[in-house]
Amino acid sequence: MGSQLAGNGNRAGAMGWAVALCALSMAFYTSSAHAQDLSGLPAKFLEKVEAAQQACSDTENGQFAVELGAVHRVDLDGDIHRDWVLDEAGFACSTAVSLYCGTGGCVSHFLIEDRMFSLLNQRWDMANIGPFRVLLADVHGSQCGGINPTPCVVASVWDSDEMVWRSAGAEWE
């Protein structure tokens with residue numbers, strides 16, 4: 001009976017919540033409400049943002065924005081401290097929809113301490129495998145000997161001794 005209630009539940013109540021949430025989000029829908037707060041952003045990221053803003057301005061005097069969610073704080077190297085990620089997927093230009101992203105995806109910039117590394121990807125996530133924090137990235141199929149729709153994922157782990165990302169192409173038999 002409980003699962004039946006959970007499955008069918010109070011649909012009118014759920015619909016009411018959905019309508020209320022939609023109305024609330026529309027009430028806050030302005031370009032400034034969706035802009036990312038850039039205060040406290042590391043200097044290396046500010047340089048990327050400034051270059052992207054200039055590229056937009058140079059494209060028919062476009063208006064640039066950094067969308068909410070473009071900046072992430074996440075532990076990339078497994079030291080329990082949050083590092084920085086800047087996703088160009090969150091860059092927007094009013095005069096050029098695909099200025100920052102293409103069929104290969106968008107560039108993400110990963111900053112650990114003072115070292116920044118960039119990767120063209122379609123999406124990324126972090127996972128724990130044994131003692132390692134692993135960066136998983138969905139990349140263009142050409143990196144796996146295919147074309148764009150060919151499934152292709154890269155797994156990288158941070159080497160704190162050498163201060164570099166390490167990845168390997170598996171040799172499948």
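Where is the place of Met163? In this predicted model, Met163 sits in the loop between β10 and β11 (164–167). The report returns to this residue after an account of the chain as a whole.

## Overall composition

The chain contains three helices and 11 strands. Along the sequence, these elements follow the pattern α-α-α-β-β-β-β-β-β-β-β-β-β-β. Of the 173 residues of the chain, 30% count as buried. Among contacts in the chain with a separation of 6 or more, 44% join residues 24 or more positions apart.

## Helix α3 and its two sides

Helix α3 covers residues 43–58, 16 residues in total. From its first C-alpha to its last, α3 reaches 22 Å, close to the 22 Å expected at 1.5 Å a residue.

Which residues of α3 are buried? They are Phe45, Val49, Ala52 and Cys56. Seen down the axis of α3, these buried residues fall within an arc of 65 degrees, so they line one face of the helix. Exposed residues, namely Ala43, Glu47, Glu50 and Asp58, are carried on the face of α3 turned away from its buried side.

The buried residues of α3 pack against several strands: β1 (64–66), β3 (83–87), β4 (91–93), β6 (105–112) and β7 (115–121).

## A buried histidine in β6

Strand β6 contains His109. Is His109 buried or exposed? With a relative accessible area of 3%, His109 is buried, because this value is under the 20% cut-off. Leaving aside its neighbours within four places in sequence, His109 is in contact with Phe45, Lys48, Trp84, Val85, Leu86, Glu88, Met116, Phe117 and Ser118. One of these contacts, Phe45, is also among the buried residues of α3. The C-alpha atoms of His109 and Val71 are separated by 9.6 Å, and the two residues are 38 residues apart along the chain.

## Residues with a positive phi

Most residues other than glycine have a negative phi. The table lists residues of this model with a positive phi.

| Residue | Phi | Place |
|---|---|---|
| Glu60 | about 55 degrees | just after α3 |
| Glu113 | about 55 degrees | loop between β6 and β7 |
| Met163 | about 60 degrees | loop between β10 and β11 |

Glu113 has its positive phi although it is not a glycine, and Met163 likewise is not a glycine. How accessible are Glu113 and Met163? Glu113 is exposed, with a relative accessible area of 58%, whereas Met163 counts as buried at 14% relative accessibility. The cut-offs explain these labels: Glu113 is exposed because 58% is over 50%, and Met163 is buried because 14% is under 20%.

## The largest pocket

What is the volume of the largest pocket? Its volume is about 180 Å³. The lining of the largest pocket consists of Leu136, Val139, Gln143, Cys144, Cys152, Val153, Val154, Ala155, Ser167, Ala168, Gly169 and Ala170. Strand β10 (residues 153–159) provides the largest share of this lining, three residues. By class, the lining has nine nonpolar, three polar and no charged residues.

## Summary

In this predicted model, α3 has its buried residues along one face and exposed residues on the face turned away from them. His109 of β6 is buried, and the largest pocket has no charged residues in its lining.

Technical notes: Residues numbered from 1 in each chain as written. Predicted model: local features only at pLDDT ≥ 70, side-chain atom pairs only at ≥ 80, totals over all residues. Heavy atoms only, no water. Helix = DSSP H or I, 4+ residues; strand = E, 2+ residues; numbered from the N terminus. Expected span 1.5 Å × (residues − 1). Buried < 20%, exposed > 50% of the residue type's maximum accessible area, 1.4 Å probe, protein only. Arc of directions from axis to C-beta. Contact = heavy atoms within 4.5 Å. 1 Å grid on protein atoms, 1.4 Å probe; cavity = no way out; pocket = protein on both sides within 12 Å on 5 of 7 lines; lining within 4 Å. Points joined across faces, edges and corners; volume = space filled by probe spheres on them. Nonpolar A, V, L, I, M, F, W, Y, C, P; charged D, E, K, R; others polar.
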